[in-house]
Amino acid sequence: MANQVKSDKDYSQYFQPPSLTDAKKRGKEEIAVHYDFTIPEDMQEFGKDKYYLIRTYGCQMNEHDTEVMKGLLEQMGYQTTEDKYQADVILLNTCAIRENAEDKVFGELGHLKALKAQKPGLVLGVCGCMSQEEAVVNRIMQKHAFVDLIFGTHNIHRLPTLLKDAFYNKEMVVEVWSKEGDIVENLPKKREGIRAWVNIMFGCDKFCTYCIVPYTRGKERSRRPQDVLAEVRDLARQGFQEITLLGQNVNAYGKDFEDITYSFADLMDDIRKIDVPRIRFTTSHPRDFDDRLIEVLGKRGNLVEHIHLPVQSGNTEVLKRMSRKYTRDHYLQLASKIKETMPDVVLTTDIIVGFPGETDEQFDETMSLYEEVGFDFAFTFIYSPREGTPAADMEDNVPMEVKKQRLYRLNELVNKHSKASNERLLGQTVEVLVEGESKNNADVLAGRTRTNKLIHFTGDKSLVGQMVEVEVTHAQTWILKGEIVHKPMKMSI
């Protein structure tokens, strides 16, 4: 039930905060799957002649959660707007991965305080991963009492009821579930464009020492195979050209099933047979990347030859402190296996520099691993402690200046490899999914190759949403340029 509280109370009593201790003691509680979701009858026209605005921070999972909230709000009659002065409901869908993500949200709340004072009827809500953190929720309640609604990642389906409570009670409504939520199927989603995201599982059981996700998203819960396949088939029928399967640890899919044996490789093998041009997935974990999955990906077809495989560090001792549960050698062997099966695969990764205790020699091992694997690109981060994680109790003993120097060196290497990999495509013809106009030039189209490389070329706007063949004529560090060499490719959809 939503709790109605006043700003001068001890807010911590109104919800059970996430607990590191409890999370590590996760049991085998049964996760129910619900197929009977409907908008409550008294809420089906609640948003008539009203507008909503959702600001989204963070990963693709948050973006997908926003699609669900948009679907719920529009079934309630709300219309979307980008004008905060027009909005009757503003929701901030937040990220907890890095401290600067939280700073952005609190900065935005500061800006919205004046708007709330001008427009008391505005419902202002905070949701997403930050809402699952005890310290964050306490801070919002004590210092941002003008917020009307706080809810977490596990109970998005409760949005209609929570919104009603917030609107009528004129008091802060808080509903943050520390327990894992059930899986609610058939939620409405508002998808736009030619690409779609499909959640196949929720949560993570890996407990990397630097990561807050297991506490904000909960334990791993996989959707039933028939539900995932039905959603992908429906998206194929609607004409979506590219589908990305989502999960905090996507290739752990199915490991929580007790009644069937069905893995992520099995799911990919079944989706491979569905008539949609491209299938991607993110994010995978090296520990769960098995030989069977490599075999299935090697069948190609609509399974693209791009794999994002976060390594985080190239040193085994640092990986151990991170609790990544694999070694440098294991990762190198895995990358080698993948390349044997898919010689033209593009591998990308995530890397953290300056983790507690990281020496110059250990960082050099990260640099050498990058060279040895031959990544095309990496998302690189300076380590910063997240409250509530085991790493936050470690001595953060790498000076910031050293962290910055290491990040600079690593990014120089990333840039070098990115440019070299792009240059290898010069003169080649690549399959491109046309996404729209270039952000900087309306006369130029932008699209992505199967390996997720951005390419610009001149063409008619009618090509948006179609597959075309483009010859690569120029290669820059982050972008390709080319010329169309054929008419649009014939699609089977």
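1. Helices and strands are here DSSP runs, of at least four residues for a helix (H or I) and at least two for a strand (E), numbered from the N terminus. On that basis the chain of this predicted model contains 13 helices and 22 strands.

2. As to overall dimensions, the chain has 493 residues and a radius of gyration of 23 Å, which agrees with the value near 23 Å that a compact globule of that length would have. The C-alpha trace spans about 65 × 55 × 50 Å along its principal axes, and 54% of the residues count as buried.

3. On contacts, surface and charge, I would note that, among contacts between residues at least 6 apart in sequence, 76% join residues at least 24 apart. The accessible surface comes to about 21800 Å², with 47% of it belonging to carbon and sulfur atoms. The chain carries 66 positive and 77 negative charges, and the mean positions of these two sets are 1 Å apart.

4. In soluble globular proteins, nonpolar side chains tend to be buried together. In this model the largest nonpolar core has 69 residues, and those with the most contacts inside it are Ile 200, Leu 245, Phe 264, Leu 267, Met 268, Phe 289 and Ile 307. A second core, separate from that one, has 31 residues, including Leu 92, Leu 109, Leu 115 and Ile 212.

5. Leu 245 deserves a closer look within the largest core. Once its neighbours within four places in sequence are left aside, Leu 245 is in contact with residues including Val 198, Ile 200, Val 232, Val 250, Phe 264, Leu 267, Met 268 and Ile 271. The list of its contacts also takes in Ile 279, Arg 280, Phe 281 and Thr 282.

6. Thr 282, one of those contacts of Leu 245, is joined to Thr 283 by a cis peptide bond, with omega about 0°. Thr 283 itself is found in the loop that runs between β14 (278-282) and α9 (291-297).

7. Two residues call for comment on their backbone angles. Asp 49, although not a glycine, has a positive phi of about 65°; this residue is placed in the loop between β2 (33-34) and β3 (51-56), and with a relative accessible area of 62% it is exposed, since the cut-off for that class is over 50%.

8. Arg 300, likewise a residue other than glycine, has a positive phi near 60° and lies in the loop between α9 and β15 (306-308). Its relative accessible area is 22%, so Arg 300 is classed as partly exposed, given that buried means under 20%.

How values were computed
Residues are numbered from 1 along each chain as its sequence is written. This is a predicted model: local features need pLDDT of at least 70, side-chain atom pairs count only at pLDDT 80 or more; totals for chains, interfaces and linings use all residues. Side-chain values use heavy atoms; hydrogens and water are left out. The radius of gyration is taken over C-alpha atoms; the globule rule is 2.2 Å times the number of residues to the power 0.38. Buried means under 20% relative accessible area, exposed over 50%, partly exposed in between (1.4 Å probe, protein chains only). Contact means heavy atoms within 4.5 Å. Accessible areas come from the Shrake-Rupley method with a 1.4 Å probe; for residues, only the protein chains shown count as cover. Lys and Arg count as positive and Asp and Glu as negative; His and the chain ends are not counted. The place of a charge is taken as NZ of Lys, CZ of Arg, CG of Asp or CD of Glu. A nonpolar core is a set of buried Ala, Val, Leu, Ile, Met, Phe, Trp, Tyr and Cys residues joined through side-chain atoms within 4.5 Å.
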